[in-house]
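Colleague: I am new to reading protein models, and I would like a close look at one part of this one. Could you take me through the loop that interests me, and then show me how the rest of the chain is arranged around it?

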Amino acid sequence: MQISTLPQNFSRPLVRNQPPQPPKNDPPQEPEDKVGSREIMNNLKIGAVAAVCGGIGYGGSVAHSIPYVGPALSGIVGAVVGASAGASLAATLPGERIKTGALLGLVGGAIVGASAGGTTAANVAMGVAGATMPFGLLMAVFSGAS
């Protein structure tokens with residue numbers, strides 16, 4: 001009686017020739033609440049910028065009381081915040097004449113700042129118009145870009 005062994009090809013398990021799979025290196029999953037906190041932080045940053053710009057408009061109106069240079073300084077700040085507010089308002093109206101709105105806001109803001117600066121109404125108006133500075137000035141400058 002003769003004992004024979006199987007050839008080595010038959011003794012191995014049959015495995016199809018496949019390239020080796022690289023190990024999966026997935027980044028760790030962030031918890032869902034961090035996504036919400038990131039959005040909250042971005043909104044807080046935007047709100048802080050708007051508040052600072054509103055403070056600039058308010059400060060420009062209050063600067064009207066500085067002797068000799070106050071009305072001119074208040075007029076310059078009024079022109080800047082007026083242009084941004086005019087561009088922001090024009091973007092919401094039909095036709096979107098952003099440059100025209102910015103020009104009209106510039107003239108109106110300069111007049112309000114130079115003549116009525118320091119009054120309660122001008123302080124409020126220039127503070128609110130100043131809060132539109134980040135959005136309005138960017139729109140006014142880049143409205144022609146396509």
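**A close look at one loop**

Modeller: Happy to! The secondary structure of this predicted model comes to six helices and zero strands, so the pattern along the sequence reads α-α-α-α-α-α. The chain has 146 residues, and 26% of them count as buried. It exposes about 10800 Å², with carbon and sulfur atoms supplying 67% of that area.

Now to the loop itself. Ser65 sits between helix H2 (32-62) and helix H3 (70-92). His64 is also found in the loop between H2 and H3, and Tyr68 belongs there too.

Let's start with His64. Its relative accessibility is 19%, and because buried means under 20%, His64 counts as buried. A polar atom of the His64 side chain lies 2.9 Å from the backbone oxygen of Ala114. Leaving aside neighbours within four places in sequence, His64 is in contact with Gly70, Pro71, Ser74, Gly113, Ala114, Ser115, Gly117 and Gly118.

Next comes Ser65. This residue has a relative accessible area of 62%, and since exposed means over 50%, Ser65 is exposed. A polar atom of the Ser65 side chain is 3.2 Å from the backbone oxygen of Val62. Gly118 is 53 residues away from Ser65 along the chain, yet the C-alpha atoms of the two are separated by 6.5 Å.

Thr119 gives you another reference point. Thr119 lies in the loop between helix H4 (98-116) and H5. With a relative accessible area of 37%, Thr119 is partly exposed. Thr119 and Ser65 are 54 residues apart along the chain, and 9.9 Å separates their C-alpha atoms.

The loop holds one more residue to look at, Tyr68. At 84% relative accessibility, Tyr68 counts as exposed. Its backbone deserves a glance as well. Most residues other than glycine have a negative phi. Tyr68 is not a glycine, but its phi is positive, at about 70 degrees.

From here we can step back to the rest of the chain. Among contacts with a separation of 6 or more, 73% are between residues 24 or more positions apart. You have already met one of the helices that border the loop, H3 (70-92), so let's follow that helix onward.

The largest nonpolar core has six residues: Cys53, Val77, Val81, Met126, Ala129 and Met133. At least two residues of this core come from H3, and at least two from helix H5 (120-131). Apart from this core lies another, made of five residues that include Ala87, Ile98, Ala102 and Met139. Val81 is a good residue to click on in the first of these cores. Once neighbours within four places in sequence are set aside, Val81 is in contact with Gly57, Met126, Ala129, Gly130, Thr132 and Met133.

H3 also packs with helix H6 (residues 133-142), at an angle of about 75 degrees and with the axes 7 Å apart. The two helices are therefore roughly perpendicular to each other. On the H3 side, the contact is made by Val80, Val81, Ala83, Ser84, Ala87, Ser88 and Ala91, while H6 brings Met133, Phe135, Gly136, Leu137, Met139 and Ala140.

To return to where we began, the loop between H2 and H3 holds His64, which is buried, and Ser65, which is exposed. Try finding those two residues in the view, and then look across to Gly118, which is in contact with His64.

Technical notes. Residues numbered from 1 in each chain as written. Predicted model: local features only at pLDDT ≥ 70, side-chain atom pairs only at ≥ 80, totals over all residues. Heavy atoms only, no water. Helix = DSSP H or I, 4+ residues; strand = E, 2+ residues; numbered from the N terminus. Buried < 20%, exposed > 50% of the residue type's maximum accessible area, 1.4 Å probe, protein only. Polar contact = N/O pair within 3.5 Å; in protein donor to acceptor, adjacent residues only side chain to side chain. Core = buried A, V, L, I, M, F, W, Y, C linked by side-chain atoms within 4.5 Å. Contact = heavy atoms within 4.5 Å. Areas by Shrake-Rupley, 256 points an atom, 1.4 Å probe, with all protein chains shown as cover. Axes fitted to C-alpha atoms, helices over the stretch in contact; angles between N-to-C directions. Parallel < 35°, antiparallel > 145°, perpendicular 65-115°, else oblique.
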